Amino acid sequence: MKQKAENSYSKVAFNRYGLLQMEYEDTIFEVWRVEDIIEKEERLLCQFKKRVLSFREQDVFQFKKEMDLLAKSDSPYILKVLDVGEYNNWLYTLHNTTEGVRLSVYLKAAYKFDLHCILNIVNNVALALSYAHEQNIVHGTIEPDKIWIKIEAQKLYHLKLTGFGIFPFLDLTTIPSSGELLRIVSYLSPEAVGIVNSPINKV
């Protein structure tokens with residue numbers, strides 16, 4: 001990978017990660033494409049917008065526990081977790097980068113998926129969720145920004161799901177607009193709204 005001079009970054013996070021480009025943000029966190037200044041590798045950095053002290057201690061503990069489990073994941077459908085931690089009271093996760101782009105990018109571009117491609121996307125997301133449930137992990141909000149795909153000529157080459165463990169940090173009372181609230185609610189998982197039992201509640 002071509003090395004960047006430090007002053008070419010828009011900012012350096014945690015004294016280690018040079019910010020290259022923001023991929024997306026929501027009410028809970030920002031996701032940045034970064035360069036690890038020490039290892040000279042591109043990563044994805046997910047930084048929470050509120051400090052750790054803003055969250056319940058049990059939620060932070062559960063989140064870190066789930067990320068540690070996903071760090072050991074061998075599922076080809078889940079974006080690899082490299083690290084989870086805190087820096088100056090900011091909670092973050094670090095992930096491998098992946099080929100392709102978020103599903104939301106395709107949808108905004110009005111990309112026309114054929115039926116076979118759609119079924120493959122649904123199947124791969126289901127496999128990722130199935131693996132997570134086996135680890136007693138619930139996703140919470142399965143939205144297009146958290147589904148990374150690579151497609152060429154209607155062929156799905158791979159899919160990676162991310163965004164696990166963040167639902168306990170979502171405060172629906174702070175959503176700034178009814179449109180944003182409706183968007184978030186429409187992507188809530190069955191466990192998040194109580195339609196089915198969470199696997200966490202069964203242990």
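How many residues does helix H3 have, and how far does helix H3 reach from its first C-alpha to its last? The points below take up this question and then turn to the cavities of the structure, which is a predicted model.

1. Helix H3 covers residues 115–134 and has 20 residues. From its first C-alpha to its last, H3 reaches 29 Å, close to the 28 Å expected at 1.5 Å a residue.

2. The buried residues of H3 are Cys117, Ile121, Asn124, Val125, Ala128, Leu129, Tyr131 and Ala132. Because these buried residues fall within an arc of 160° when seen down the axis of H3, they line one face of the helix. In general, an α-helix has 3.6 residues a turn, so residues three or four places apart point the same way.

3. The buried residues of H3 pack against two strands, S8 (147–152) and S9 (155–161). Leu115, His116, Val122 and Glu134, on the other side of H3, are exposed. Asn136, just after H3, takes a positive phi of about 65°.

4. As for internal space, two cavities of 30 Å³ or more are found in a search of the whole structure. The largest cavity has a volume of about 160 Å³, and the second largest holds about 80 Å³ of space.

5. The lining of the largest cavity consists of 19 residues; Cys46, Thr93, His95, Thr162 and Gly163 lie nearest its centre. At least two lining residues come from each of strand S3 (29–36), strand S4 (41–51), helix H1 (57–71) and strand S6 (90–96). Helix H1 gives the largest share, three residues. By class, this lining has 15 nonpolar and four polar residues, with no charged residues.

6. Thr162, one of the residues nearest the centre of the largest cavity, is placed in the loop between S9 and helix H4 (178–186). Is Thr162 buried or exposed? Its relative accessibility is 10%, and Thr162 therefore counts as buried, the cut-off for a buried residue being under 20%. Apart from neighbours within four places in sequence, Thr162 is in contact with Tyr24, Leu79, His95, His139, Lys146 and Trp148.

7. The second largest cavity is lined by Asp26, Thr27, Ile28, Thr141, Glu143, Lys146, Ile166, Phe167, Leu170, Arg183 and Ile184. By class, five of these lining residues are nonpolar, two are polar and four are charged. Lys146, part of this lining, is also among the contacts of Thr162.

Conventions
Residues are numbered from 1 along each chain as its sequence is written. This is a predicted model: local features need pLDDT of at least 70, side-chain atom pairs count only at pLDDT 80 or more; totals for chains, interfaces and linings use all residues. Side-chain values use heavy atoms; hydrogens and water are left out. On a 1 Å grid over the protein atoms alone, a cavity is a set of points where a 1.4 Å probe fits but cannot get out, and a pocket is an open set with protein on both sides within 12 Å along at least five of seven lines; lining residues have an atom within 4 Å of a point. Grid points are joined across faces, edges and corners, and a volume is the space filled by probe spheres set on the points. Helices (H or I, at least four residues) and strands (E, at least two) are DSSP runs, numbered from the N terminus. Ala, Val, Leu, Ile, Met, Phe, Trp, Tyr, Cys and Pro count as nonpolar, Asp, Glu, Lys and Arg as charged, and the others, Gly among them, as polar. The expected span of a helix is 1.5 Å times one less than its number of residues. Buried means under 20% relative accessible area, exposed over 50%, partly exposed in between (1.4 Å probe, protein chains only). The arc is that of the directions from the helix axis to the C-beta atoms. Contact means heavy atoms within 4.5 Å.
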